[in-house]
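Good morning, everyone, and thank you for making the time. Please have a look at the sequence and the model on the screen, and then I will take you through a few parts of it.

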Amino acid sequence: MLSTLLRGGARPAAAAAVRSAGLRALSAQSSKADASPSAAVASSLAAAASLLALTSLRHDENSSAARCEISSCYDPSLRDKPKTEVRTDLPRYNTTDMSKPDFNHPPPRPELPTISLEEVGEHCDESSLWFTFRGGVYDMTSFLEGHPGGLPRLLMAAGQDLEPYWDVYRQHFRGHVLEWIETKRIGNLSPEDAKKSREQTGQIGDMFESDPVRSKDLLPSTSKPFNGEPRIELLTEDYITPNHLFYARCHLAVPDIDPEEYRLIISGPGIKNKDGTKRKKGKRKFTLDDLKTKFKKHEVVTTLQCAGNRREDLHDSDHKIFIAPHWVIGAMSTAKWGGVKLRDVLEECGIDVDDIALGKAEAPVEHLQLEGYDQDETGYTYGGSFPFMKAVDGLGEVILAYEMNGEDLPRDHGYPVRMIIPGHVGARQVKWLHKIKLSNSPSKKSYQCKSYLGFAPDITFEKDLANWPPARLDQAPIIHEQPVTSFVCNPPQNAVIGMKGASDITFKGVAWSGGGRGIGRVDVSVDGGENWTASELYKPIEQKYNHHWAWTQFNKTLPLPEDVLEKLKRGEKAEMEITSKAMDSAFNVQPSVMSPYWNARGIAINHWYKVKVTLDPNLPKGEIIRQDPEGETGFANTPSGGQFPRKWGFGGATIDPEHSGIRKEYIEDKE
């Protein structure tokens, strides 16, 4: 049977079953308790390789995965491509009332034809992609290149039931996703086939089972892959964020790498081979020990922020964001990183970094393409790129980091080696770094040229991005440096603050700007932005002009407004809205609202973050009672204004009643 499948002679339904079996094998391999880290990596790679062979997703120049990487370049012939019409005449989909049995179930569509499960199974390649979900049949062929998770994953599940896959990737259970997918519905399954479809797909392998243990103080915005942000009020307890509180951004499962087997591969024009010879495209390999013993150690304190921090702010009643994770507020942290300068390693590889940096020699390329060891179920790896000149800048402090706050990198943060690019967005700073390629083009990974593009406010997922590529990719730059931002951390959102005998209030926060721009001032307001005054700034380390890689913390004690004082004197509670706006060294200032820069990928979010608090004259001064508006997270982290405009549920993980029995796993340390 296997040889028949490999020749392509098996029925698609059988091939789909083999794909599921391959995923289960991958999960079993990666979660062996008695396997060494190197064995776990090797077995995962072997399982993934087997899966790739079975699904015909080999990563050669003709593969669908490779085409996924090259299809995102701007094509001038698409300038006049029309927007996709979005249907508005469909039956109501209940994605809001969890008390009703039809919650998150496709609405009845008797006008659509009944399609057999066998016919669905025949539509499982790039020419026709069909899926089933809770009795509905969906034609997603037009979504071939639009899926933020990449084409290989779509092919992996093609011709099958989506629910087992979404049991792992639960962000799909959020209402806006289900409502959009309903626009792709073409038919119904019979009740018998609906049940059979779910059973045939079975449980897919869970490649996240061997992920590391996380702190209970990290709020997951997705659980698989894990993306967690610290409690916002903890960000100002220390200037340096402790490792266990540093926000964790994982695009894929966390690899378990044996440091003895780690290899960094650098290749491309100008690279000398180990024997010193130069070819048109050379290659060098370095072990972890090479990096630690052959190069001078360098340390740098820098702030990292995810490109999509505060993404849930852009997902309101009037706008929808179709990419995860939907960070709330805390995907920004600061650490002291230790490692070796990338320019030193490039110099060892034969690149004349000094003359290039001084303009005395031409740069051999424009970009450095990066690739990590982390991979999805189909073997597709994470990657990105950044400008070559940043790497050779003598003051750029780009390092290959193997330490974080004086300790070996934690697994969640890239052990054993990650890239640190001070002043740049977190997405470019590839963890579990495996390959560096010198190139004249940026990375064609979907994470670089699809997920992190800054589109104009009139570009939407439904009308433009789902049917990829959109008409004007040339008008959507890739994010590298981020705009100036700040937010109040203490008191936390929705807190009730004891004010017995008090006449003033103290608050603290953090501010940062990308590209090494320093923070010149942070203004604060206790009336929602009507009146402002400068706060006190705190930065205990010295960083030079245009090399302010790390954040600035701010604090201020302000007298209460007269109307608030009068309420408190009468024994009444008073509400207050605290906010901040930072100005960086280039006099860039945060905008007041999001509308001028709203973008469909939800990146570079920096409008005023408003914190609502309640002052209680009957509670002892300084006592704080924390509130959780969703009643389930135990965190004060919320979008600006203190409320989630749409049901959040840990980014979708606990929204669906049939897939929500793991809440405690997210908010308590595992045994």
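When I say helix or strand today, I mean a run assigned by DSSP, with at least four residues for a helix and at least two for a strand, and the numbering starts at the N terminus. Counted in that way, the protein chain comes to 17 helices and 27 strands. Please keep in mind that what you see is a predicted model.

Let me begin with the chain as a whole. Of the 671 residues in the protein chain, 59% are buried, where buried means under 20% relative accessible area. The protein chain exposes about 27000 Å², and carbon and sulfur atoms supply 49% of that area. If we take the contacts between residues at least 6 apart in sequence, we find that 74% of them join residues at least 24 apart.

Now to the strands, and to one of them in particular. Why can we describe strand 11 as largely enclosed by the rest of the structure? Strand 11 covers residues 332–341, and 9 of its 10 residues are buried, so the description follows from that count. Strand 10, which spans residues 297–305, runs antiparallel to strand 11, and 9 bridges join the two; within this pairing, His298 stands opposite Gly339 of strand 11. Strand 11 also pairs with strand 14, residues 399–404, again in the antiparallel sense and over 5 bridges, and here Trp337 has Met404 in strand 14 as its bridge partner.

Elsewhere there is an open sheet of 3 strands, whose order is 5-6-7 and whose pairing is antiparallel. Its edge strands are strand 5 (218–222) and strand 7 (248–249), each of which pairs on one side only. Between strand 5 and strand 6, the latter being residues 227–230, there are 4 bridges in the antiparallel sense, and Leu219 stands opposite Glu229 in strand 6.

I turn next to the aromatic rings. A pair of aromatic rings is described by two things, namely the distance of the centres and the angle of the planes. How many aromatic pairs does the structure hold? There are 22 aromatic pairs, and I have picked two to discuss. In one of them, the ring centres of Phe133 and Trp166 are 5.0 Å apart and the planes stand at 50°, so this pair is tilted. Because Phe133 lies in strand 2 (residues 128–133) and Trp166 in helix 7 (residues 163–168), the pair ties together parts that are 33 residues apart in sequence. Both Phe133 and Trp166 are buried.

The other pair is formed by Trp180 and Phe322, and it is edge-to-face, with 6.4 Å from centre to centre and 65° between the planes. Trp180 sits in helix 8 (residues 175–182) and Phe322 in the loop between strand 10 and strand 11, so that the pair links distant parts of the chain, 142 residues apart. Are these two residues buried or exposed? Trp180 has a relative accessible area of 8% and is therefore buried, while Phe322, at 11% relative accessibility, also counts as buried. Ring pairs link Trp180 and Phe322 with Phe143 and Phe461 into a cluster.

Finally, a word about charges and rings. The charged end of Lys445 sits over the ring of Tyr380, 4.5 Å from its centre, and the charged end of Lys581 sits over the ring of Trp532, 4.8 Å from its centre. Thank you for listening.

Terms used. Residues numbered from 1 in each chain as written. Predicted model: local features only at pLDDT ≥ 70, side-chain atom pairs only at ≥ 80, totals over all residues. Heavy atoms only, no water. Buried < 20%, exposed > 50% of the residue type's maximum accessible area, 1.4 Å probe, protein only. Pairing = 2+ DSSP bridges. Contact = heavy atoms within 4.5 Å. Areas by Shrake-Rupley, 256 points an atom, 1.4 Å probe, with all protein chains shown as cover. Phe/Tyr/Trp six-rings, centres within 6.5 Å; stacked < 30°, edge-to-face > 60°. Lys NZ or Arg CZ within 6 Å of the ring centre and 35° of its normal.
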